[in-house]
Structures are given as structure tokens and as C-alpha cells.
Amino acid sequence: MTITQEQSAWFAETFTTLVDNVEQVVLGKRHVIELAFTTMVSEGHLLLEDYPGTGKTSLARAMGRSVQGTASRIQFTPDLLPGDVTGITVYDQRRGEFEFHQGPIFANVVLADEINRASPKTQSALLEVMEEGHVTVDGVTRDVPVPFLVVATQNPVEQAGTYRLPEAQLDRFLLKTSLGYPDRAATIRILEGSGDATREVSPVITPQGIVSMADIARGGYLNPLVLDYIARVVDATRLAREVRLGVSVRGALALTKASRTWALAHGRTYVTPDDVKALAVPVLAHRLILDPEAEFDGVTAEAVIGQVLLDVVPPSGERLDERGQRENV
């Protein structure tokens, strides 16, 4: 698929409008909002690890409203059952037949709040729907709405009574990031009421429009040299001495998809090494399993990815355009 200039301009303009819309209620976090919409358009899922009260719920709700879709919230607790997520089949005595009652997973944007507080059995209820886009209850497969985005959160504090997400589940999140606390200027605006979390944001695009954006993003051009760069970055994570398990093939595919979306969001129909660098930490860091000794010494996955980006030389002195040609900069 060759992307026209009209499609590219519409994509970038719509992406910017979506980010501007959500930034009305999530102040001072434009970069995180861009990452969130990159995840949605790339047909992935987002993991937010952050402290309570930083706006995670506001972000998910505003995204759902911006795409004129539905948003739901699941508060994960130790006694939550898989049926509480996917839905259950109930026998209707008046009609004499079983009826399926949809769970909160049937929404365009699903906030899975404090996902690590639920048991592994309940966490696993998300795996099929995150990967396949449907759930199976009592042998019947049902599709979830499109677009479909899971925004899962976990707190870095109060780990008592939590279940660490298994690596297989972490690998299914396209991107992991955090909102963090707003800066002083944004905090003052919040206190003044500028960032009212209950305020309604206006719809910017229909769900079908997001599907169209995803179709366009799949057509973003990736020069073989950029693909080789992605492969070398992934290989380097597997060879790093601080790492016990490096980035999987799924992680490499995730970085490729996200880079295409990121490039189009910034007005280009082709991916550059800078796009890969911009997304490497949020896309790859949570997929690493560090050596216990390295963790004890204070090494972080983000630091490992940062060092990999310093060590792996990108295609230098060139910009790779959509025709695969090289232009001197």
C-alpha cells in the first residue's frame, strides 16, 4: 500500500487533534498521550505503571470519548473472577434459554485498574482478548468492539497482596509508560480547574476512523537499513551482560508497527532511525528480564535499552525516504 500525501496529511492532522483533545483533561502530559494514541492506532495495548492519582482513569476515559467509542473500567481485586471480566451466561427462566451478559471487556477503551492485584487466573482472562480481539465463553466466541485498547495500570508501591505479571503477559503490551506527576505550571492549571477530570471532551473521530488510521499506518515505508537497525537493536538486548532474557520477536514486531505510526503522526510516510530511538524504551524495556545480580546493583531495563541505543550505530548521515532513496541531510 502506497500512502498518498493527502492520507499522510489527514493522518497527522487527526492524530494531533486527538492529542490536543485529550490534553484538555490530562494537562502537561502530551508525550504520554501521543504514546497512548500510537498504541491504539498500532492495534496494541498500553501498560501504565504509576502512582495513584496521576490521571490514568482520566486518560482512558478521554481517549474513549475522543474516538466516539465506549470506555469501561475494571477494578482488579484478589477476589475478581474471569467471568467478571469477560461476562457470563445466565439462564432466563421466562424465555427458557441461556442469555449472555457482556462483561466490561466489551468496550473500545478498557481501563484494567491495578491489574496486578487480581489472581493469575483472572489476569489470564485478558490474554485471549488482547491477542485475538475476541473472548470465548461457554464455547461461544464473541468479538469485542473495534478499535479495542486495554489500558492496564499497576502501582510501583504497595506490592503486598499483588501478583507479578508473568513475562508472557507483559510481552502482550505493545508499550509501557507512566504519566508521572505534572510539573508546577500544569499543577496550578489543575488547581484552577483547567484540567477538570469530569469535563466532557468532544468526539474527534469515529471508531471506523481509527480503523482507517490503522490501515494507513500499516503502509508506512520501512527502508531495509532501518529494518536492519531494528534487528540489531533487538539482538543487542539479548547479548547485553545485564540481561537474562532479551527482547522477543513479538517485541521487534511491536517496535516496527509503533515506529510506522509514530512517523506518520509526525508528518512522514517513512520511518527514520530517530523514530525507532524515540520508541525503543517504552516498547522494549518491559520485555527484558534482568540478571538478578544486575538488579541488585541497581541496573534498570530502561538504562540497558539506553546503552544499547548508544552502542548500536544507526544508518548515519542519511535520511531514508518513502522511495527507499537516500537524501543527504
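Two strands pair if DSSP finds at least two bridges between them. Keep that rule in mind as you work through this predicted model.

**Exercise 1. The open sheet**

Work out in which order the five strands of the open sheet lie, and which strands stand at its edges.

Solution.
- Step 1: Follow the pairing across the sheet. The order of the five strands is 2-5-8-1-9, the pairing is parallel, and the sheet is open.
- Step 2: Look at the two ends of that order. Strand 2 (71-75) and strand 9 (175-177) each have a single partner strand, so one side of each has no neighbour in the sheet.
- Step 3: Add the twist. On average, neighbouring strands here are turned by 20 degrees against each other, with direction ignored.

**Exercise 2. Strand 1 and its partners**

Find how many bridges join strand 1 to strand 9, and over how many bridges strand 1 and strand 8 pair.

Solution.
- Step 1: Start with strand 9. Strand 1 (residues 46-49) runs parallel to strand 9, and three bridges join them.
- Step 2: Name partners along this pair. L46 is bridged to L175 of strand 9, and L48 is bridged to T177 of strand 9.
- Step 3: Turn to strand 8. Strand 1 pairs with strand 8 over four bridges, again in the parallel sense. Here E49 has Q154 as its bridge partner.
- Step 4: Recall a general point. Side chains in a regular strand alternate between the two faces of the sheet.
- Step 5: See what packs on the sheet. Helix 2 (residues 30-41) touches strand 1, strand 5 (109-113), strand 8 (149-154) and strand 9. The direction of helix 2 makes about 160 degrees with that of strand 9.

**Exercise 3. A hairpin and two backbone details**

Describe the hairpin of strand 6 and strand 7, then locate E43 and P147.

Solution.
- Step 1: Count the bridges. Strand 6 (residues 134-137) and strand 7 (residues 140-143) run antiparallel and are joined by four bridges. V137 faces V140 of strand 7.
- Step 2: Inspect the turn. Two residues lie between the strands, and D138 takes a positive phi near 55 degrees.
- Step 3: Move on to the loop between strand 7 and strand 8, where P147 lies. The peptide bond joining V146 and P147 is cis, with omega about 0 degrees.
- Step 4: Go back to the loop between helix 2 and strand 1, where E43 is found. E43 is not a glycine, yet its phi is positive, at about 60 degrees.

**Exercise 4. Two pockets**

Find the volume of the largest pocket and of the second largest pocket, and describe the lining of each by class.

Solution.
- Step 1: Take the largest pocket, which holds about 760 Å³ of space. It is lined by 30 residues, and R164, L170, K176, H286 and L288 are the closest to its centre.
- Step 2: Sort that lining. It has 12 nonpolar, nine polar and nine charged residues. Among the elements that each supply at least two lining residues are helix 7 (167-170) and helix 14 (301-311).
- Step 3: Take the second largest pocket, with a volume of about 510 Å³. Its lining has 27 residues; E43, G44, H45, M130 and K257 are the closest to its centre.
- Step 4: Sort this lining too. It has 15 nonpolar, four polar and eight charged residues. Helix 6 (125-132), helix 9 (207-217) and helix 11 (249-265) each supply at least two of them.

**Exercise 5. An annotated stretch**

State which residues the UniProt annotation "domain: ChlI/MoxR AAA lid" covers, and how much of that stretch is helix and strand.

Solution.
- Step 1: Read the record. The unreviewed UniProt entry places this annotation on residues 236-305.
- Step 2: Check the model. Residues 236-305 are 61% helix and 7% strand, and their end C-alpha atoms are 9 Å apart.

Key: Residues are numbered from 1 along each chain as its sequence is written. This is a predicted model: local features need pLDDT of at least 70, side-chain atom pairs count only at pLDDT 80 or more; totals for chains, interfaces and linings use all residues. Side-chain values use heavy atoms; hydrogens and water are left out. On a 1 Å grid over the protein atoms alone, a cavity is a set of points where a 1.4 Å probe fits but cannot get out, and a pocket is an open set with protein on both sides within 12 Å along at least five of seven lines; lining residues have an atom within 4 Å of a point. Grid points are joined across faces, edges and corners, and a volume is the space filled by probe spheres set on the points. Ala, Val, Leu, Ile, Met, Phe, Trp, Tyr, Cys and Pro count as nonpolar, Asp, Glu, Lys and Arg as charged, and the others, Gly among them, as polar. UniProt positions are given in the numbering used here, feature names are shortened, and annotations may be inferred rather than shown by experiment. Axes are lines fitted to C-alpha atoms, for helices over the stretch in contact, and angles run from 0 to 180 degrees between N-to-C directions. Contact means heavy atoms within 4.5 Å.
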